[in-house]
Each structure stands twice: as C-alpha cells, then as structure tokens.
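Here is a short tour of a few local features that are worth a look in your viewer. Keep the sequence and the coordinates open side by side as you read.

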Amino acid sequence: MSASIRSYAIFSIFLLSCMQCHAQLSATFYDNSCPNALNTIRTSIRQAVSRERRMAASLIRLHFHDCFVQGCDASILLNETTSIISEKTALPNLGSVRGYGVIDDAKAEVEKICPEVVSCADILAVAARDASAAVGGPSWTVKLGRRDSTTASKIVAETEIPNPFESLDRLISSFENKGLNTRDMVALSGAHTIGQAQCVLFRDRIYGNGTDIDAGFARTRRRQCPQEGENGNLAPLDLVTPNQLDNNYFKNIVDKKGLLKSDQVLFNGGSTDGIVTEYSNSPRAFASDFAAAMIKMGDISPLTGQNGIIRKVCGSVN
C-alpha cells in the first residue's frame with residue numbers, strides 16, 4: 001500500500017470516528033432499524049394516559065427532569081445500586097416524579113419487536129410528545145438517536161432542577177444554563193396547565209399575606225390544604241381545565257391564580273409579563289412555542305454515536 005493510500009485510509013477511519021462521536025439527532029433515525037418503534041410507543045403511552053389523565057403531566061415532567069441532569073440520557077430512570085446513586089432519590093424527584101413504570105412498559109413493548117435498538121432516552125422524548133397530544137396539547141417531530149447513560153447524578157438533580165419556590169431571575173438563569181432562553185422557559189412552564197402539586201409546595205402561598213394571589217382562589221385552595229399537616233394532599237395546578245394541555249395556565253396567572261410561587265413570578269411586574277399576556281390571549285402562540293421549546297430541550301447534551309449504551313431495561317445498566 002502506498003503512503004498516500006495509507007494516509008487516506010487512516011484519515012477516512014478518523015473522519016468516520018469523528019462523525020460517529022458527533023452524530024446528530026434525526027427524526028428518521030429508526031426508519032430502517034425499527035420502523036414500528038414510534039407507533040409502538042404511542043400505543044403504550046395512549047393506553048397509560050387513558051387509564052389516568054394525570055399521567056400525561058408526569059411523563060412530560062419526567063423528560064424535563066431527565067434533560068436537566070447530564071442531558072437527555074435517561075439517567076433519571078436508573079435504579080439505586082452499589083455503584084449508582086439514583087436520581088430518583090433526589091429531593092426534586094422523591095415522592096413526586098412518577099411514570100417510571102409507563103416508560104418501562106413502553107420499553108418492553110419495543111424490545112419485543114426490536115431488541116436493543118431503541119434507547120430509553122428516546123422513549124422518554126417520544127413519550128412526552130405523545131402525552132401532550134393525548135391531552136389536547138401540541139404534537140411535534142421528535143428528533144431521535146439518543147443513547148442511554150451508564151451513570152446518574154443525584155447531586156446535579158438537587159442543584160440544577162428548578163424548584164417551585166424559585167425567583168424569576170433564578171428561573172431564567174437555570175434555563176439559560178441549559179441553552180434555553182426566557183421564552184422557552186415561559187412556554188415550558190405552561191406544562192403546569194395539567195398535573196397536580198402537593199400541599200407542602202403551595203401552603204405558604206395560600207396562607208400568606210402576599211398581594212400576588214387572588215383572595216378567593218387562596219380560600220378555595222385551603223380546603224384541600226390545611227394550615228398544618230397533610231403535606232401530601234394533591235391539588236390540580238389548573239382548576240378550570242386540569243386534564244387538558246392548553247393556555248389556561250397563563251390566564252390563571254394573569255388573574256393571580258398561579259398555584260406555585262414559580263408560576264406567579266412569571267406575571268408579577270417582571271420581564272416575562274408580556275410573554276404570559278401573549279400566551280393567555282393566543283392558544284396558537286403557546287402551542288407553537290411549547291412544541292418548539294420541547295424540541296429544543298430534547299437537544300440538551302444527548303449521548304450519540306459511540307457514546308452511551310442502549311439499555312435493555314431502563315432501570316439498570318446492561
């Protein structure tokens with residue numbers, strides 16, 4: 001072999017390696033390797049949401065909490081082992097994040113048709129989209145090709161996932177650190193138009209003397225959240241359309257009826273008031289921006305190419 005041919009061969013191998021390491025996500029990733037993957041996931045998610053509408057919110061939140069820790073790599077699904085400190089036990093997740101079994105079921109169905117092909121990280125991303133569509137929210141084209149992590153980070157989960165008591169500046173900063181701008185943050189907050197929150201997360205708000213909460217709304221919410229005890233009592237984040245992903249969340253906070261502090265800070269004389277007003281008046285604008293923000297969030301530091309693995313079972317490393 002001549003020196004020039006040998007050099008070209010070496011360069012080609014190097015180039016192929018680099019392309020694999022920096023592979024881009026693609027909506028057609030499984031078209032050849034598992035063409036029925038998306039339909040299989042969709043069927044599984046629709047069945048889960050039809051059994052319990054609240055599950056739609058849980059699946060969207062599960063994807064969000066995954067992507068904010070190490071990127072969208074399904075690290076949140078890993079169970080505790082001698083070598084893994086699970087993110088499931090992190091304060092933002094423990095006792096509140098749910099839907100693990102739904103993802104496990106979807107993964108099991110996909111494994112039946114395409115063993116060790118579709119990642120748990122991709123199933124999380126597709127499940128969030130299908131959950132949104134199942135409760136009247138927008139749909140979008142999910143980019144695919146993520147691989148699963150072999151590690152988790154409870155510490156990062158406890159420091160980088162925004163909490164319900166955040167200030168507006170802190171929320172904006174948290175999202176900016178993940179490559180999401182202020183408009184993305186407000187749009188994604190609209191996921192709170194579905195789902196429920198535990199009493200302990202909003203008790204101080206409904207029993208306080210703040211001027212940023214409607215008095216009648218506070219009185220109504222006290223019925224399910226006594227001033228002492230009963231921390232786990234659940235209340236819908238949106239009393240009007242609690243099982244539909246729509247723009248009513250933004251109408252609520254314009255009327256000072258945001259259940260969580262982190263909801264109401266979006267409309268309290270700050271820089272996001274205009275965006276909230278726009279979404280409260282335009283369901284189409286919210287749906288479009290929510291879908292775009294979900295796609296953008298799904299791009300946070302994915303493992304691709306030769307990085308990561310395809311887990312056989314989402315809760316454990318192969």
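Let us begin at Ile-206 in this predicted model. Setting aside neighbours within four places in sequence, Ile-206 is in contact with Ile-213, Ala-218, Arg-221, Arg-222 and Cys-225. The residue itself belongs to helix α9. Its relative accessible area is 1%, under the 20% cut-off, and therefore Ile-206 counts as buried. Another pairing you may like to check is the one with Gln-227: the two C-alpha atoms are 9.2 Å apart in space, while 21 residues separate Ile-206 and Gln-227 in sequence.

Two of the contact partners of Ile-206, Ala-218 and Arg-221, lead us on to helix α10. This helix spans residues 215-222, and its buried residues are Phe-217, Ala-218 and Arg-221. How are these buried residues arranged when α10 is seen down its axis? They fall within an arc of 100°, so they line one face of the helix. A general point helps here: with 3.6 residues a turn, positions three or four places apart in an α-helix point the same way. The cover over the buried residues of α10 includes helix α9 (203-207) and strand β2 (234-236).

Next comes a pair of packed helices. Helix α8 covers residues 182-189 and helix α13 covers residues 273-281; their axes lie 10 Å apart and meet at an angle of about 45°. An angle of about 45° falls outside the ranges for roughly parallel, antiparallel and perpendicular, so α8 and α13 are oblique to each other. The crossing of α8 past α13 is right-handed. On the α8 side, the contact is made by Thr-182, Arg-183, Val-186 and Ala-187, and on the α13 side by Ile-275, Val-276, Glu-278 and Tyr-279. Sorted by character, the residues of this contact comprise five nonpolar, one polar and two charged.

Finally, for anyone inspecting backbone torsions, here are two residues other than glycine with a positive phi.

| Residue | Phi | Location |
|---|---|---|
| Gln-70 | near 65° | loop between α3 (54-67) and α4 (100-113) |
| Ser-301 | about 40° | segment after α14 (283-297) |

Is Gln-70 buried, partly exposed or exposed? Its relative accessible area is 29%, which lies between the cut-offs of 20% and 50%, so Gln-70 is partly exposed.

Methods
Residues numbered from 1 in each chain as written. Predicted model: local features only at pLDDT ≥ 70, side-chain atom pairs only at ≥ 80, totals over all residues. Heavy atoms only, no water. Axes fitted to C-alpha atoms, helices over the stretch in contact; angles between N-to-C directions. Helix = DSSP H or I, 4+ residues; strand = E, 2+ residues; numbered from the N terminus. Parallel < 35°, antiparallel > 145°, perpendicular 65-115°, else oblique. Left-handed = near helix turned anticlockwise from the far one by under 90°. Contact = heavy atoms within 4.5 Å. Nonpolar A, V, L, I, M, F, W, Y, C, P; charged D, E, K, R; others polar. Buried < 20%, exposed > 50% of the residue type's maximum accessible area, 1.4 Å probe, protein only. Arc of directions from axis to C-beta.
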